[in-house]
Every structure is written in structure tokens, then in C-alpha cells.
Amino acid sequence: MIRRTAFPVVGVVAALLVAAASAAAYWSAAGGGQGIAATGSVGVVAGLNTDVHGTVASASIGFSWSPIAAAVAVTYVVERHATATTVVCTTTATTCTASGLPDGTARYSVTAEINGWVGAQSALTPVIKVASAAPAIGASPASPSAATAPTIDVSASGFGAFRCTLDGAGPVACSPPVALAALAGGALADGRHTFSVAAIDAYGGASQTATVTWTVRTDAPPITAAPPATTAQKSASFTFSHPVYVSFRCKLDGAGWSACTSPAGYSGLAAGAHTFRVEALDGDGIATRVTTATWTIS
Amino acid sequence: MRPRVASPALAALVVSGLLAVAPAAYAIWSAPGSGTATAGAAAPQPVTMVAGAAPTEALYPTGTPTGDVAVAITNPNPYRVRVATLVLDTGAGAGGFSANAAACGLRFAPVASGWDIPAGATVQVDLRDSLTMAPWAPPSCQGLAVQVFLKAAS
């Protein structure tokens with residue numbers, strides 16, 4: 001309970017509080033003048049870095065650079081300078097891989113941009129030549145082919161290293177002439193085969209791929225007509241054919257192989273056992289397996 | 001023993017007197033640079049503002065607050081004053097900014113942090129993220145020193 005004698009003190013305190021509150025308002029100041037602000041600018045990227053130089057087989061080149069100093073998002077534009085200037089990368093990162101580059105020589109630069117403000121172009125890279133054309137495939141198996149261990153010749157201007165794929169296996173490093181049996185781990189089986197090759201540059205980049213597809217068929221030509229197993233006839237005739245090959249080579253007894261056509265006839269044969277052999281030849285002159293017929297002249 | 005009725009009456013008188021004087025004094029001291037003193041109080045001088053130290057945040061055409069304003073506020077009075085809010089003085093310069101930035105689409109967001117300025121002192125104030133530049137600001141807006149005209153508001 002507050003005694004009545006305290007009222008003067010309470011009153012004075014209240015008055016002081018009111019006065020203090022008013023004093024705070026007194027200190028509010030007016031006035032004016034000017035401050036200073038600064039607008040930014042888009043700096044120059046110190047340099048455009050790439051791991052490749054000289055001639056490359058890949059149509060993709062990776063670039064990196066150091067960011068410019070800015071507290072806001074910066075877009076970087078990498079350009080290819082040849083007879084025309086084209087944009088090959090636009091990114092907010094500080095790396096990019098330019099893909100699908102055309103063959104030819106060019107230099108590259110990077111420029112920073114902030115919402116339409118374009119900085120100065122960086123220094124140009126040294127000249128980089130892209131030679132991404134697929135290697136040339138020279139001698140390769142005919143199709144169909146009777147060869148089970150063929151070789152394929154490949155070449156690419158400016159590159160001596162290649163990467164090969166046979167029937168989807170690989171790729172593995174290879175060099176011309178490429179022995180396919182070595183890639184396959186043995187003789188090629190009958191059937192369809194696909195060989196692909198790309199040139200490899202000094203940085204491991206790969207060119208476009210050259211591909212060749214062919215069929216291996218080594219089955220022997222069937223003999224459809226031949227003398228009976230024993231006969232008194234001094235002559236003999238053999239009829240044969242092949243589903244895909246049209247050239248043949250025949251051999252009678254110990255004579256050498258010679259070109260022949262069906263029917264192949266022989267006369268003046270001596271009495272005794274005889275052996276006839278025939279093989280088909282593919283477009284490259286490679287022989288299939290041999291069909292043999294034996295009979296005896298009594 | 002004094003009469004008990006005297007003290008409340010005296011207190012009420014003191015309170016009334018103070019309440020009457022305070023608003024009057026406030027009305028006088030809050031007026032910038034003009035007016036006359038009453039009740040023996042000198043009129044406060046308005047604070048002055050000049051460009052402060054170098055701004056720490058550069059302004060870019062982002063449409064978002066990215067820039068700061070550096071201002072040095074000086075209190076010429078022999079007592080502490082308080083600057084409650086700083087607003088753009090659109091009547092000065094080109095809409096509150098120096099003419100070199102007229103095409104940059106600048107906007108200033110009033111800052112109401114409140115700053116106590118000691119008697120006769122200068123306080124460096126950095127108004128962070130108080131400025132915005134329009135995203136369409138042309139490249140000519142790069143690398144400018146922009147004067148920002150400010151005034152104190154209560």
C-alpha cells in the first residue's frame with residue numbers, strides 16, 4: 001500500500017520519465033547531403049586454359065579459366081575464332097567442354113558478361129587444329145569373305161595411334177595393319193562382323209569412327225554330282241556350286257590346285273583310287289573349306 | 001506537519017509543466033537549420049552528409065540490391081543527435097542520383113537502422129544493399145562513381 005505522503009515522489013518520477021521520453025525525440029536530427037556508391041564493371045578473364053595444343057583428333061575440347069571478381073552471377077562465353085567467330089560455350093561455371101567443333105585451325109577466347117555488360121575478350125589461345133575426320137580404311141575383307149584372319153589397313157593424317165573395336169568388344173589400342181584374329185582372340189567365325197576404328201591424338205582424344213561390316217563365310221562348296229564309288233569309267237565329272245561364291249578351284253589327286261568350273265570333267269584316268277577336291281574362292285581369292293570326293297576305277 | 005493536499009497538487013503541476021515544454025522543444029529542434037529557440041534552448045543544426053569511405057559493394061545490373069552507399073554523417077551540435085532514417089532526396093541531382101547514373105535505373109531503399117551521432121562527431125555509415133540497378137542498365141553504367149543524395153528523416 002502506498003502512503004499518501006508518497007504521492008509527491010511518484011508524481012515527480014512520472015514527470016521525469018515523460019521528460020526523458022520527450023528528450024529522445026529532441027535528439028532526432030534532420031539534415032542531408034550525399035553519399036557515394038560505385039557501379040561495378042565486367043573485368044577481363046585472365047586467360048583461357050586448355051590441356052590440348054597443336055593438332056587434336058577430338059571434336060571436343062575442354063577449357064577452364066579463373067573467375068572474374070564480381071559479387072553477382074557472371075556468364076562466360078567461349079568463342080572460336082577462325083574465318084568466322086562462333087560461340088562454342090556459354091556457362092556460369094568456369095569450365096566447359098566445347099563439342100562438335102568443326103575440323104580446321106582456330107584460336108579460342110573467353111569473355112565475361114553480366115546481364116548484357118560484356119567484358120573485354122581474354123587473350124587468345126594458341127592455334128588448335130581439330131582433325132576429327134574418321135580414319136581411312138584401306139584394304140579390308142570383301143563381303144562375303146572366306147578369310148578367317150584378315151587384316152585391315154587404316155590411316156589418318158597426322159595420327160599414328162588408333163583404337164579399334166571388333167564386334168562391339170573393346171575398344172583396344174591397335175596399329176595398322178590391324179590383324180583381326182588378334183582382336184578376336186582367334187580365327188573369325190562365320191557370320192557378320194563389324195570393325196570400327198578411331199584415330200587417337202596425343203591427349204587421348206578420339207576422332208570420328210570409321211566402320212566396316214562384312215560377312216565371313218567359309219563353308220565348302222557341295223558336290224552335287226560325282227562318279228559312283230566304284231566304276232569302270234575312265235572319265236569323271238563333278239558338279240558343284242556354292243550359295244555365295246562363283247569361283248572355284250579344283251584338285252585331282254596329286255596335281256596342283258587349278259581354277260575350275262562346274263561341271264569339272266576329267267578323262268583318261270588310270271585305274272585305281274582317285275580323290276577330287278574343290279573349294280570356292282571369295283572375292284579376294286581366299287579359299288573356303290574343301291569338299292572331297294573319292295572313287296575307284298576298276 | 002505539512003498539509004497532505006499540497007504534494008499531489010505540486011506533482012501534478014510539475015508534470016503538466018514538463019509535458020507542455022517537451023513538445024514545444026521537440027518541434028523546434030527537429031527543424032533543420034532554421035527556427036528560433038525558446039525557453040533558452042539553442043536550435044540544433046542539421047547534420048551534414050558527405051561521401052564516406054569507398055563503397056564496399058559494387059552495383060551490377062541485376063535488379064536486386066547489390067550496392068552500398070558510403071556516407072559520413074557529421075553532427076555539428078554540442079550534443080548527441082539521432083538520425084533515424086536515411087531516405088533518397090529525390091529533389092537533388094537527377095532523381096536523387098548524380099547525372100552520370102541517370103540512365104542506370106537506380107533505386108534506393110530507405111534505411112532505418114538509426115544512428116546516434118555524438119556531439120561534434122562524424123560517423124562513417126555504410127548502407128549495405130541499399131541500392132539496386134535495373135537489369136536493363138546499359139554498359140555505359142559500368143565503373144561509375146555515383147553520388148547519392150540523402151536526407152535524414154524521422
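Trainee: Why is Asp253(A) called partly exposed?

Mentor: In this predicted model, Asp253(A) has 13 other C-beta atoms within 10 Å. A residue counts as exposed at 12 or fewer and as buried at 20 or more, so Asp253(A), with 13, is partly exposed. Asp253(A) is placed in the loop between β22 (247-252) and β23 of chain A, and its phi is near 50°, a positive value in a residue other than glycine.

Trainee: What makes Asp129(B) partly exposed?

Mentor: Asp129(B) has 14 other C-beta atoms within 10 Å. That value lies between 12 and 20, and therefore Asp129(B) is partly exposed. Asp129(B) belongs to strand β7 (residues 122-133) of chain B, with phi near 55°.

Trainee: What makes β20 (230-231) and β23 (258-260) of chain A edge strands?

Mentor: Each of them pairs on one side only. The open sheet has the order β20-β26-β25-β22-β23 (chain A), with mixed pairing.

Trainee: How do you know that β20(A) pairs with β26 of chain A?

Mentor: Pairing requires at least two bridges, and 2 bridges join β20(A) to β26 (residues 287-297), so the two strands pair. They run parallel, and Thr231(A) stands opposite Ile297(A) in β26(A).

Trainee: Why is the peptide bond from Ser143(A) to Pro144(A) called cis?

Mentor: Its omega is near 0°. Pro144(A) is found in the loop between β11 (136-137) and β12 (151-152) of chain A. Another cis peptide bond joins Pro176(A) and Pro177(A), with omega about -10°.

Terms used. Residues are numbered from 1 along each chain as its sequence is written. Chains are lettered from A and ligands numbered from 1 in the order in which they are written. This is a predicted model: local features need pLDDT of at least 70, side-chain atom pairs count only at pLDDT 80 or more; totals for chains, interfaces and linings use all residues. Helices (H or I, at least four residues) and strands (E, at least two) are DSSP runs, numbered from the N terminus.
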